[in-house]
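User: I want each structural label justified by its cut-off. Please keep the answers brief.

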Amino acid sequence: MKNDQKTFGLAQGDRLTWRYEVIECLGAGTEGEVYKIRERATGLTRAAKLYFKSKEHNAKRFVRYARKLDALRDCDIVIKYLHADEVWINDRFIFCLISEYFGGALLDDLQASYRGGKMPAFEALNIIHALASGIEEIHARKEFHGDLHKGNIFVERRGVFFQLRTIDFHEWGRTPAVERRSDILAITRLLYDLIGGRANYKNQPQVIKDICMGNRSDLILKKFPTIFHLRAHLETFEW
């Protein structure tokens with residue numbers, strides 16, 4: 001596979017090293033694809049992220065990413081990293097990260113299941129609170145996510161709550177402080193999108209507008225300079 005191709009095209013039953021076989025593709029991003037896999041010796045379900053570029057292109061990023069996941073293993077919102085491997089696909093070695101499999105749906109798919117792609121305000125706020133609480137744990141460790149969007153957040157309903165896991169942390173070369181502010185803006189933007197975006201924004205209750213602030217990043221960061229302020233607001237505002 002050439003470096004500019006964007007799929008491995010693995011199908012159910014394909015081998016992924018001698019340990020694993022593919023169940024299905026869960027999704028893809030700019031860096032690679034994520035597959036649901038089965039551990040052949042035990043039948044246990046795992047997840048594997050395969051990187052598009054070759055081992056030589058990804059060596060430093062791969063190691064940094066694995067170490068970041070390991071350092072954040074106690075954060076509930078982070079997919080639990082298990083181990084790294086190298087996989088021979090299309091005549092070359094590529095990097096593979098093996099992690100826990102989380103059975104929730106992608107946030108993008110969950111939103112699409114609602115009529116018109118519009119989530120009720122209370123449910124959207126519950127998801128955003130769970131996300132802010134999880135990201136707060138990461139920020140408390142002086143780390144950040146850096147690329148929060150509906151395609152890398154998994155959501156599972158647990159009673160009246162939502163449990164979340166997120167994948168695809170990125171390091172874009174900006175300072176950690178800038179990246180943490182970016183996480184805050186991404187979370188408020190997700191709320192804006194979940195309730196239906198621009199077409200539905202003007203009809204939303206004031207509690208939504210008090211968080212989204214019309215997508216004005218200057219106003220959002222003035223009101224919520226840290227993720228703590230956003231999470232605290234979500235727990236104390238009055239309807």
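User: Where does R231 sit, and why is it called buried?

Analyst: R231 is in helix α8. Helices are DSSP runs of H or I with at least four residues, strands are E runs of at least two, and both are numbered from the N terminus. The relative accessible area of R231 is 16%. Buried means under 20%, exposed over 50% and partly exposed in between, for a 1.4 Å probe and protein chains only. At 16%, R231 is therefore buried. This is a predicted model, with residues numbered from 1 along each chain as its sequence is written. Local features need pLDDT of at least 70, side-chain atom pairs count only at pLDDT 80 or more, totals for chains, interfaces and linings use all residues, and side-chain values use heavy atoms, with hydrogens and water left out.

User: What makes the pair R231 and E235 a polar contact?

Analyst: The distance between their side chains is 3.0 Å. A polar contact is a pair of N or O atoms within 3.5 Å; within protein, one must be able to donate a hydrogen and the other to accept it, and sequence-adjacent residues count only through two side-chain atoms. The 3.0 Å pair therefore fits the distance limit.

User: Which residues does R231 touch, leaving out those up to four places away in sequence?

Analyst: H129, A132, S133 and E136. Contact means heavy atoms within 4.5 Å. These four also appear in the α3 part of the contact between α3 and α8.

User: How do you know how α3 and α8 are arranged?

Analyst: The axes of α3 (residues 121-140) and α8 (residues 227-236) come within 9 Å and cross at roughly 150 degrees. Axes are lines fitted to C-alpha atoms, for helices over the stretch in contact, and angles between N-to-C directions run from 0 to 180 degrees. The crossing is left-handed, a term for a near helix turned anticlockwise from the far one by less than a right angle, clockwise being right-handed. On the α8 side, the contact takes in I227, F228, L230, R231, L234 and E235. Its residues split into eight nonpolar, three polar and three charged. Ala, Val, Leu, Ile, Met, Phe, Trp, Tyr, Cys and Pro count as nonpolar, Asp, Glu, Lys and Arg as charged, the others, Gly among them, as polar.

User: What do the buried residues of α8 pack against?

Analyst: They pack against α3, α4 (176-194), α6 (206-212) and α7 (217-223). Among these buried residues are A232 and H233.

User: Why is β6 called largely enclosed?

Analyst: Eight of the nine residues of β6 (residues 92-100) are buried, so the rest of the structure largely encloses this strand.

User: How do you know which strands β6 pairs with?

Analyst: Two strands pair if DSSP finds at least two bridges between them. β4 (residues 45-51) and β6 have five, antiparallel, with A47 opposite S99. β5 and β6 have eight, also antiparallel, with V87 opposite I94. Both counts meet the minimum of two, so both are pairs. The sheet is open, with the order β1-β2-β3-β4-β6-β5. β1 (15-16) and β5 are its edges; each has a single partner strand, so one side of each lacks a neighbour in the sheet.

User: Where is H83, and which residue does its side chain meet in a polar contact?

Analyst: H83 is in β5 (residues 81-89). Its side chain meets that of Y20 at 2.8 Å, which is within the 3.5 Å limit, so the distance qualifies.

User: What joins β8 to β9?

Analyst: Six antiparallel bridges join β8 (residues 153-158) to β9. E156 has Q163 as its bridge partner. α3 packs on this sheet, touching β8 and β9, and its direction makes about 45 degrees with that of β9. β8 and β9 form a hairpin with two residues between them, where G159 has a positive phi of about 65 degrees.

User: What makes N215 stand out in its phi?

Analyst: Most residues other than glycine have a negative phi. N215 is not a glycine, yet its phi is positive, about 65 degrees. N215 lies in the loop between α6 and α7. Its relative accessible area is 25%, so N215 is partly exposed.
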